[in-house]
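Visitor: I would like to go through this model with you, step by step, before I draw any conclusions from it. Could you take my questions in turn?

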Amino acid sequence: MAIYEARLGADAPSTAWSLNNLASVLHDQGDLDSARRLHERALAIREARLGHDHPDTVRSRRDLAAVVAALDKQQ
């Protein structure tokens with residue numbers, strides 16, 4: 001991710017795409033705290049760069065909600 005962010009920029013939509021994908025892998029592996037942080041970063045980038053209603057932004061919001069729900073189940 002560090003190379004990707006340095007090459008494309010920390011707030012590039014492509015960076016958000018990679019963050020979201022990595023977060024999904026972490027979610028699948030059970031690392032929900034890390035997944036949540038990455039999904040939050042991806043969502044912030046997408047909202048700022050693509051807008052609130054863009055399909056990628058909506059996807060990030062949905063993926064973040066799934067992680068939050070999984071964290072709530074753990075408690």
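Guide: Let us begin with a term: a residue is called buried when its relative accessible area is under 20%, exposed when that area is over 50%, and partly exposed in between. Please keep in mind throughout that this is a predicted model.

Visitor: With that cut-off in hand, is Asp63 buried or exposed?

Guide: The relative accessibility of Asp63 is 12%. Because the limit for the term is under 20%, Asp63 counts as buried.

Visitor: Which residue forms a salt bridge with Asp63, and at what distance?

Guide: Asp63 belongs to a network of salt bridges that also links Arg59 and Arg62. Arg62 is exposed, with a relative accessible area of 52%, whereas Asp63 is buried. The salt bridge of Asp63 is formed with Arg62, and their closest N and O atoms are 3.1 Å apart.

Visitor: Stepping back to the whole chain, which elements does it contain, and in what order do they run?

Guide: The protein chain has four helices and zero strands. Read from the N terminus on, its elements therefore follow the order α-α-α-α.

Visitor: How does the radius of gyration of the protein chain stand against the globule rule?

Guide: The C-alpha atoms fill a box of roughly 35 × 30 × 15 Å along the principal axes. For 75 residues the globule rule gives 11 Å, and the chain is close to that, so it is as compact as a globular protein of that length. The radius of gyration of the protein chain is 12 Å.

Visitor: What share of the residues is buried?

Guide: The accessible surface of the protein chain comes to about 4700 Å², and 52% of it belongs to carbon and sulfur atoms. As for the residues themselves, of the 75 in the protein chain the buried ones make up 35%.

Visitor: Which helix supplies the largest share of the largest nonpolar core?

Guide: This core has twelve residues, including Leu19, Ala23, Leu38, Ile45 and Val67. At least two of its residues come from each of H2, H3 and helix H4, the last of these spanning 55–74. The largest share, five residues, is supplied by H3.

Visitor: Taking Leu38 from that core, which residues is it in contact with, leaving aside its neighbours within four places in sequence?

Guide: Leu38 is itself listed in the core, as are Leu19, Ala23 and Leu26. Once the neighbours within four places in sequence are left aside, the contacts of Leu38 are Leu19, Leu22, Ala23 and Leu26.

Visitor: How many residues apart in sequence are the parts that Glu5 and Arg41 tie together?

Guide: The structure holds six salt bridges, and one of them joins the side chains of Glu5 and Arg41 at 2.3 Å, N to O. Glu5 lies in helix H1 (residues 2–8) and Arg41 in helix H3, so the pair ties together parts whose separation in sequence is 36 residues.

Visitor: And how many residues apart in sequence are the parts tied together by Asp11 and Arg49?

Guide: The side chains of Asp11 and Arg49 meet in a salt bridge of 3.7 Å, N to O. Asp11 lies in the loop between H1 and H2, while Arg49 lies in helix H3, so this pair ties together parts that are separated in sequence by 38 residues.

Visitor: Are Asp11 and Arg49 buried, exposed or partly exposed?

Guide: The relative accessible area of Asp11 is 45%, and that of Arg49 is 46%. Because the range for the intermediate term lies between 20% and 50%, Asp11 and Arg49 are each partly exposed.

Visitor: Arg46 is buried yet has no salt bridge; which side chain of opposite charge is nearest, and how far away is it?

Guide: Arg46 lies in helix H3, which covers residues 32–50. Leaving aside its neighbours within four places in sequence, Arg46 is in contact with several residues, among them Trp17, Asn20, Asp56 and Ser60. A salt bridge requires a nitrogen and an oxygen within 4 Å, and the nearest side chain of opposite charge to Arg46 is that of Asp56, at 4.5 Å.

Visitor: Is Ser18 buried or exposed, and which residues is it in contact with beyond its neighbours within four places in sequence?

Guide: Ser18 has its place in helix H2, residues 13–29. Its relative accessible area is 12%, so Ser18 is buried. Leaving aside neighbours within four places in sequence, the contacts of Ser18 are Met1 and Tyr4.

Methods:
Residues are numbered from 1 along each chain as its sequence is written. This is a predicted model: local features need pLDDT of at least 70, side-chain atom pairs count only at pLDDT 80 or more; totals for chains, interfaces and linings use all residues. Side-chain values use heavy atoms; hydrogens and water are left out. Buried means under 20% relative accessible area, exposed over 50%, partly exposed in between (1.4 Å probe, protein chains only). Lys and Arg count as positive and Asp and Glu as negative; His and the chain ends are not counted. Contact means heavy atoms within 4.5 Å. A nonpolar core is a set of buried Ala, Val, Leu, Ile, Met, Phe, Trp, Tyr and Cys residues joined through side-chain atoms within 4.5 Å. The radius of gyration is taken over C-alpha atoms; the globule rule is 2.2 Å times the number of residues to the power 0.38. Accessible areas come from the Shrake-Rupley method with a 1.4 Å probe; for residues, only the protein chains shown count as cover.
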